[in-house]
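Colleague: I should like a close look at one part of this model, followed by an account of some other elements in the chain.

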Amino acid sequence: MRSRCYFLTLEQAFDNDRFILFADDRVLVREDKLLWHKDEVKSHLLPDVECLVLGDEYHSVVVAHTDQRAVAVLGAESRSLRSLLFGPGEIPFAMAGKAGQLLEWYRSHRFCGTCGSPTQAHQSERALHCSHCQRHYYPRINPCVIVLVVRGREMLLARSARYKSGFFSCLAGFIEVGESAEQTIHREVKEEVGVEVENIRYFKSQSWPFPSQLMLAYFADYKTGQIVPEPEEIEVADWFDVNDLPQVPSADVSVAGELIQHHVGVHSS
């Protein structure tokens, strides 16, 4: 059974009290506050906006769209989802991440990909419906793997050539059509750093809204090969001892950080 979702007109939306606001692709916050009360936002939502209900787990929080003019009037700060990674607690980021994914799905599926007709909100499912060719469009997630390659006490960590965060992290990549998660790990590790792995073992999963991913996290043991970074993907990669780590992601918000922290906990002396 698919999770329930409602599509609301602006008038219907104000039967709810709590809102998450987006302007373009950025979330509006004030003093690290993510949720807005309806009385604060009533006059600032776009007149023709249709609102999404986030879900029962967040007590019917409404996701709505405004424009950049409302930012100053509300005294808000327009922030990227990535910036919320470093905010207090996991729930605000998880909530904003889910909201951003739903809004992007809704905005990018306003027309049927088969016949080009406008889609309509489904009355009882989290779906957009094409009445012309009877197709339904549900929110999609992209399965990815993230793997910590280990060699005794050491971890193979890499810094991305695309995202200049300064962090060293685990290797990751999208699962391609026809691949298992384990096959993806073998391929991605070989492509990105030139080594081979064995003894792949599952750790946990995490929803990751950049843009709309399900991260499947694994450990893998080093088998053979010398590190040769793929320059378009990896700026630098190396082995690091558990007691001599570079700057790595936080375990509070990132499954990469959890993988690293777990290995440190097992091997710290």
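Which residues of α5 are buried?

Modeller: This is a predicted model, in which local features need pLDDT of at least 70 and side-chain atom pairs count only at pLDDT 80 or more, whereas totals for chains, interfaces and linings use all residues. Residues are numbered from 1 along each chain as its sequence is written, and side-chain values use heavy atoms, with hydrogens and water left out.

The buried residues of α5 are A181, T184, I185, R187, E188, V189, E192 and V193 (buried: under 20% relative accessible area with a 1.4 Å probe, protein chains only). An α-helix has 3.6 residues a turn, so residues three or four places apart point the same way. Helix α5 comprises 13 residues, 181-193 (helices are DSSP runs of H or I of at least four residues, strands E runs of at least two). From the first C-alpha to the last, α5 reaches 18 Å, close to the 18 Å expected at 1.5 Å a residue (1.5 Å times one less than the number of residues). After α5 comes G194, with a positive phi near 80°.

The buried residues of α5 pack against six strands (contact: heavy atoms within 4.5 Å): β11 (142-151), β12 (154-160), β13 (171-174), β14 (196-208), β15 (213-224) and β16 (234-241). Helix α5 also contributes to the largest pocket, since at least two lining residues come from each of β11, β12, β13, α5, β14, β15 and α6 (255-267). That pocket has 39 lining residues, and R82, S160, Y163, A172 and W208 lie nearest its centre (pocket: an open set of 1 Å grid points where a 1.4 Å probe fits, with protein on both sides within 12 Å along at least five of seven lines; lining residues have an atom within 4 Å of a point).

Elsewhere, β8, β9 and β10 form an open antiparallel sheet of 3 strands, in the order β8-β9-β10. Strands β8 (120-121) and β10 (136-137) are its edges, each pairing on one side only (pairing needs at least two DSSP bridges). Between β8 and β9 (residues 128-129) there are 2 bridges, and A121 has L128 of β9 as its bridge partner.

T119 belongs to the loop between α4 (91-108) and β8. T119 is buried, with a relative accessible area of 11%. Beyond residues up to four places away in sequence, T119 touches H109, R110, F111, C112, L128, H129 and Y137. A polar atom of the T119 side chain lies 2.7 Å from the backbone oxygen of H109.

A further set of strands involves β2, β3 and β7. Strands β2 (residues 18-23) and β3 (residues 26-29) are antiparallel, with 2 bridges, and A23 is matched with R26 of β3. Their hairpin has 2 residues between the strands, and D24 there has a positive phi near 60°. Strand β3 also pairs with β7 (residues 77-79), antiparallel over 3 bridges, where V29 stands opposite E77.

D67, in the loop between β6 (62-66) and α3 (69-74), is in contact with A23 of this hairpin and with L46, leaving aside neighbours within four places in sequence. D67 is buried, its relative accessible area being 19%. The side chains of D67 and R69 are joined by a polar contact of 2.5 Å (an N or O pair within 3.5 Å, one able to donate a hydrogen and the other to accept it; residues adjacent in sequence count only if both atoms are side-chain atoms).

Terms used
Buried means under 20% relative accessible area, exposed over 50%, partly exposed in between (1.4 Å probe, protein chains only).
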